[in-house]
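Dear colleague,

I am passing on the structure below, together with some notes on what turned up in it. Please read them with the model open beside you.

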Amino acid sequence: MKGDINTIEELMKILQEKNLTEISYETSEIKINIKGSLQLEKKQVAPKKAEAVKEEKKKEVANCKDVVSEHIGRYTYVKKDGTPIIEVGQEIKAGQELGSVIAVGVALPVVAKFSGKIEEIYIENGKPVDYGRPLIKVKIS
(Lines give C-alpha, C1' and ligand atoms only; values in the text may rest on other atoms or scores of the structure.)
Protein backbone atom coordinates (compact mmCIF):
# COMPACT_ATOMS: atom_id res chain seq x y z
CA MET A 1 0.00 0.00 0.00
CA LYS A 2 2.78 2.41 0.94
CA GLY A 3 4.57 1.63 -2.34
CA ASP A 4 1.36 2.47 -4.24
CA ILE A 5 1.15 5.88 -2.59
CA ASN A 6 4.80 6.58 -3.43
CA THR A 7 4.14 5.56 -7.05
CA ILE A 8 1.13 7.87 -7.23
CA GLU A 9 3.11 10.75 -5.75
CA GLU A 10 5.93 10.18 -8.26
CA LEU A 11 3.46 10.06 -11.17
CA MET A 12 1.87 13.31 -9.99
CA LYS A 13 5.31 14.92 -9.80
CA ILE A 14 6.11 13.81 -13.39
CA LEU A 15 2.68 15.06 -14.54
CA GLN A 16 3.44 18.54 -13.18
CA GLU A 17 7.11 18.71 -14.22
CA LYS A 18 6.47 17.66 -17.81
CA ASN A 19 3.24 19.74 -18.14
CA LEU A 20 1.21 16.65 -19.06
CA THR A 21 -2.57 16.39 -18.90
CA GLU A 22 -2.67 12.62 -18.32
CA ILE A 23 -0.29 9.84 -17.25
CA SER A 24 -0.82 6.09 -16.90
CA TYR A 25 1.14 3.38 -15.09
CA GLU A 26 0.37 -0.33 -15.12
CA THR A 27 1.87 -3.49 -13.61
CA SER A 28 0.45 -6.95 -13.15
CA GLU A 29 -0.81 -5.89 -9.71
CA ILE A 30 -1.96 -2.30 -10.21
CA LYS A 31 -3.17 0.12 -12.86
CA ILE A 32 -2.99 3.88 -12.25
CA ASN A 33 -4.36 6.62 -14.52
CA ILE A 34 -3.97 10.25 -13.39
CA LYS A 35 -5.52 13.19 -15.19
CA GLY A 36 -4.65 16.79 -14.45
CA SER A 37 -5.22 20.17 -16.00
CA LEU A 38 -2.47 21.91 -17.94
CA GLN A 39 -1.46 25.04 -16.07
CA LEU A 40 0.39 27.62 -18.07
CA GLU A 41 2.91 29.84 -16.35
CA LYS A 42 2.10 33.53 -16.40
CA LYS A 43 4.96 35.75 -17.44
CA GLN A 44 5.39 39.32 -16.29
CA VAL A 45 4.97 41.79 -19.14
CA ALA A 46 6.07 45.39 -18.99
CA PRO A 47 3.06 47.53 -17.92
CA LYS A 48 3.00 49.65 -21.09
CA LYS A 49 3.00 46.59 -23.33
CA ALA A 50 0.34 44.88 -21.23
CA GLU A 51 -1.95 47.92 -21.46
CA ALA A 52 -1.49 48.13 -25.23
CA VAL A 53 -2.26 44.42 -25.58
CA LYS A 54 -5.38 44.78 -23.38
CA GLU A 55 -6.66 47.71 -25.47
CA GLU A 56 -6.01 45.79 -28.68
CA LYS A 57 -7.82 42.74 -27.37
CA LYS A 58 -10.78 44.83 -26.19
CA LYS A 59 -11.21 46.22 -29.71
CA GLU A 60 -10.86 42.75 -31.16
CA VAL A 61 -13.25 41.17 -28.63
CA ALA A 62 -15.80 43.95 -29.06
CA ASN A 63 -16.19 43.08 -32.73
CA CYS A 64 -15.92 39.30 -32.36
CA LYS A 65 -17.95 36.52 -30.81
CA ASP A 66 -17.30 32.80 -30.44
CA VAL A 67 -19.59 30.06 -31.67
CA VAL A 68 -19.51 27.50 -28.85
CA SER A 69 -20.34 23.82 -28.73
CA GLU A 70 -23.69 22.94 -27.20
CA HIS A 71 -22.80 19.24 -27.09
CA ILE A 72 -19.99 16.84 -26.20
CA GLY A 73 -18.51 14.84 -29.06
CA ARG A 74 -16.36 15.32 -32.18
CA TYR A 75 -16.71 18.55 -34.17
CA THR A 76 -16.77 18.11 -37.96
CA TYR A 77 -17.04 20.79 -40.62
CA VAL A 78 -15.92 18.85 -43.68
CA LYS A 79 -18.45 16.91 -45.78
CA LYS A 80 -17.86 13.24 -46.59
CA ASP A 81 -16.73 14.20 -50.11
CA GLY A 82 -13.95 16.34 -48.56
CA THR A 83 -15.40 19.80 -49.20
CA PRO A 84 -15.45 22.11 -46.17
CA ILE A 85 -18.78 23.50 -44.92
CA ILE A 86 -17.00 26.58 -43.55
CA GLU A 87 -13.69 28.34 -44.19
CA VAL A 88 -11.80 31.25 -42.64
CA GLY A 89 -12.93 34.48 -44.31
CA GLN A 90 -16.38 33.12 -45.19
CA GLU A 91 -19.45 35.26 -44.45
CA ILE A 92 -22.07 33.45 -42.37
CA LYS A 93 -25.65 34.27 -41.44
CA ALA A 94 -27.67 33.58 -38.30
CA GLY A 95 -29.28 30.15 -38.57
CA GLN A 96 -26.62 28.82 -40.97
CA GLU A 97 -25.23 25.35 -40.21
CA LEU A 98 -21.52 25.49 -39.36
CA GLY A 99 -20.86 21.76 -39.05
CA SER A 100 -21.91 19.21 -36.49
CA VAL A 101 -20.89 17.59 -33.23
CA ILE A 102 -21.06 13.82 -33.50
CA ALA A 103 -22.02 12.16 -30.23
CA VAL A 104 -22.80 8.45 -29.90
CA GLY A 105 -23.06 8.21 -33.69
CA VAL A 106 -25.61 11.02 -33.95
CA ALA A 107 -24.71 14.22 -35.80
CA LEU A 108 -25.99 17.25 -33.86
CA PRO A 109 -25.87 20.46 -35.95
CA VAL A 110 -23.87 23.52 -34.91
CA VAL A 111 -25.92 26.55 -35.96
CA ALA A 112 -24.79 30.20 -36.05
CA LYS A 113 -26.70 32.43 -33.64
CA PHE A 114 -25.38 35.61 -35.32
CA SER A 115 -24.10 36.85 -38.68
CA GLY A 116 -20.53 37.81 -39.50
CA LYS A 117 -17.24 36.74 -41.03
CA ILE A 118 -15.27 33.69 -39.82
CA GLU A 119 -11.95 34.94 -38.41
CA GLU A 120 -10.62 31.67 -37.00
CA ILE A 121 -11.60 28.03 -36.60
CA TYR A 122 -10.31 26.93 -33.20
CA ILE A 123 -10.93 23.18 -33.49
CA GLU A 124 -9.49 20.89 -36.16
CA ASN A 125 -11.99 18.79 -38.08
CA GLY A 126 -12.86 15.59 -36.19
CA LYS A 127 -11.32 16.65 -32.85
CA PRO A 128 -13.22 16.19 -29.55
CA VAL A 129 -15.07 19.10 -27.96
CA ASP A 130 -16.82 19.70 -24.65
CA TYR A 131 -19.98 21.61 -23.85
CA GLY A 132 -19.32 25.36 -24.01
CA ARG A 133 -15.96 25.07 -25.81
CA PRO A 134 -15.37 27.80 -28.42
CA LEU A 135 -15.35 26.37 -31.96
CA ILE A 136 -15.22 29.39 -34.28
CA LYS A 137 -14.30 33.07 -33.90
CA VAL A 138 -16.67 35.31 -35.86
CA LYS A 139 -16.24 39.02 -36.55
CA ILE A 140 -19.72 40.50 -36.21
CA SER A 141 -21.03 42.43 -39.21
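Rings of Phe, Tyr and Trp (its six-membered ring) are taken to pair if their centres lie within 6.5 Å, with planes under 30 degrees apart counted as stacked, over 60 as edge-to-face and the rest as tilted. By this rule there is one aromatic pair, formed by Y75 and Y77, which is tilted, at 5.4 Å centre to centre with 40° between the planes. Both Y75 and Y77 are buried (under 20% relative accessible area, where exposed means over 50% and partly exposed in between, with a 1.4 Å probe and protein chains only).

This is a predicted model, in which local features need pLDDT of at least 70 and side-chain atom pairs count only at pLDDT 80 or more, while totals for chains, interfaces and linings use all residues. Residues are numbered from 1 along each chain as its sequence is written, and side-chain values use heavy atoms, with hydrogens and water left out.

The largest nonpolar core (buried Ala, Val, Leu, Ile, Met, Phe, Trp, Tyr and Cys residues joined through side-chain atoms within 4.5 Å) has 17 residues, and Y75, L98 and I136 are among those with the most contacts inside it. Strand 10 (134-140) is one of the elements that give two or more residues to this core, and strand 10 gives the most, with three residues; strands here are DSSP runs of E, at least two residues, numbered from the N terminus. Apart from this core lies another, of five residues, including L11 and I32.

Best wishes

Methods: Helix = DSSP H or I, 4+ residues; strand = E, 2+ residues; numbered from the N terminus.
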